[in-house]
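Colleague: Please put the model up. I would like to test each label against its cut-off.

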Amino acid sequence: LGSDITPEIAAREIALRHGARGYFDADVIREAEGQGRADDPARDFERMQRAIARRGGHAEDLRGLAFITIDPPGAGDLDDAFTIQKHADGSYTWLLATSDVAHYIRPGGAAARAAARLGNTFYSIDKDGVPEFPMNHPVVSKNLASLLEGKDSLAMITRMHFDKDGNFQLDKSEVFLGLVNVKGRYTYDQVARLASGKPGHGVRHASQAALAWELAQKLTAQD
């Protein structure tokens with residue numbers, strides 16, 4: 001690691017001491033690549049939707065809605081997306097899609113054991129060494145389970161209702177399995193430029209970002 005203690009060397013030492021590695025075992029790689037070759041979210045959704053219906057639940061195909069993601073530049077594992085609807089009475093419906101990673105990381109498998117051993121993805125300040133020690137193989141975290149723009153993705157949907165003043169209505173909210181297709185991928189800087197009225201923000205779904213800002217202000221006012 002080197003004889004001089006620097007923040008970068010300290011980050012490497014912490015990562016190694018706690019079991020983080022910049023590589024995956026062969027069985028994890030094989031499992032991830034097999035998932036990638038077999039992946040068909042629409043097919044899997046239809047099968048899961050039928051199984052859930054037999055148990056009295058429901059799952060919804062939401063690919064027609066304008067879900068968007070907002071993340072730092074260069075982010076690969078996009079694990080949440082949202083869309084907001086404002087109704088005639090001033091109330092809101094916020095649909096939050098959370099990546100269904102569990103569909104790809106099955107209990108007892110090599111990937112599940114590796115993920116349990118690490119516990120979470122570790123991001124390091126050591127940008128010239130190993131800047132990231134991922135919990136899940138990138139085939140899963142940055143592709144299959146990532147809510148990428150233009151890709152069908154399985155997700156757990158949290159449908160939240162708020163009245164016109166931003167009060168959360170628990171009795172009208174629910175969680176269920178969904179199939180989404182993200183329509184826009186944006187960065188925090190882009191949305192900040194939009195919110196401040198600056199040109200060149202590049203946000204095509206300005207109404208979604210504006211509704212999110214509007215509801216957020218009402219929620220903040222309640223704190």
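Colleague: What makes E4 and E7 a pair, and in which sense do they run?

Modeller: Two strands pair if DSSP finds at least two bridges between them. E4 and E7 have 8 bridges, in the antiparallel sense. That meets the definition, so they count as paired. One of the bridges joins threonine 93 to histidine 161 in E7.

Colleague: How far can I lean on these labels?

Modeller: This is a predicted model, where local features need pLDDT of at least 70 and side-chain atom pairs need 80 or more, while totals for chains, interfaces and linings use all residues. Residues are numbered from 1 along each chain as its sequence is written, and side-chain values use heavy atoms, with hydrogens and water left out.

Colleague: What makes something a strand or a helix here?

Modeller: Both are DSSP runs, numbered from the N terminus: helices are H or I with at least four residues, strands are E with at least two. The chain has 7 helices and 9 strands.

Colleague: Which strand pairs with E3, and how are the two joined?

Modeller: E3 (residues 80-86) pairs with E4 (residues 92-99) over 7 bridges, in the antiparallel sense. Isoleucine 84 faces tryptophan 94 in E4. The two strands form a hairpin with 5 residues between them. Glycine 90, in the turn, has a positive phi of about 90°.

Colleague: And what lies on the E8 side?

Modeller: E7 pairs with E8 over 8 bridges, again antiparallel. E1 (residues 59-61) pairs with E8 in the parallel sense, over 3 bridges. Aspartate 61 has leucine 179 in E8 as its bridge partner.

Colleague: Why is E7 called largely enclosed?

Modeller: Buried means under 20% relative accessible area, exposed means over 50%, and partly exposed is in between (1.4 Å probe, protein chains only). In E7, 8 of the 11 residues are buried, so the rest of the structure largely encloses this strand. E8 is mostly covered too, with 6 of its 8 residues buried. For the whole chain of 223 residues, 39% count as buried.

Colleague: Is arginine 159 buried or exposed?

Modeller: Buried. Arginine 159 has a relative accessible area of 14%, which is under 20%. Its place is in E7 (residues 152-162).

Colleague: What does the side chain of arginine 159 make polar contacts with?

Modeller: The glutamate 60 side chain, at 2.8 Å, and the glutamate 174 side chain, at 2.6 Å. A polar contact is a pair of N or O atoms within 3.5 Å; within protein, one must be able to donate a hydrogen and the other to accept it, and residues adjacent in sequence count only if both atoms are side-chain atoms. Glutamate 174 also stands opposite arginine 159 in E8. Contact in the general sense means heavy atoms within 4.5 Å. Leaving aside neighbours within four places in sequence, arginine 159 has such contacts with residues including Leu62, Trp94 and Phe176.

Colleague: How many aromatic pairs are there?

Modeller: The search of the whole structure finds 2. In one of them, phenylalanine 162 and phenylalanine 168 have ring centres 5.5 Å apart and planes at 50°.

Colleague: Why is that pair called tilted?

Modeller: Rings of Phe, Tyr and Trp (its six-membered ring) pair if their centres lie within 6.5 Å; planes under 30 degrees apart are stacked, over 60 edge-to-face, and the rest tilted. The angle of 50° is in the remaining class, so the pair is tilted. Phenylalanine 162 is buried at 7% relative accessibility, whereas phenylalanine 168 is partly exposed at 43%.

Colleague: What makes a set of residues a nonpolar core?

Modeller: Its members are buried Ala, Val, Leu, Ile, Met, Phe, Trp, Tyr and Cys residues, joined through side-chain atoms within 4.5 Å. The largest core has 19 residues. Among those with the most contacts inside it are Val28, Phe45 and Leu177. H4 gives the most to this core, 4 residues. A second, separate core of 15 residues includes Phe82, Tyr92, Met160 and Ala209.

Colleague: Which residues of H4 are buried, and what do they pack against?

Modeller: In H4 (residues 110-118), they are Ala110, Ala111, Ala112, Ala114 and Ala115. They pack against helix H2 (26-38). Glycine 119 follows H4, with a positive phi near 90°.
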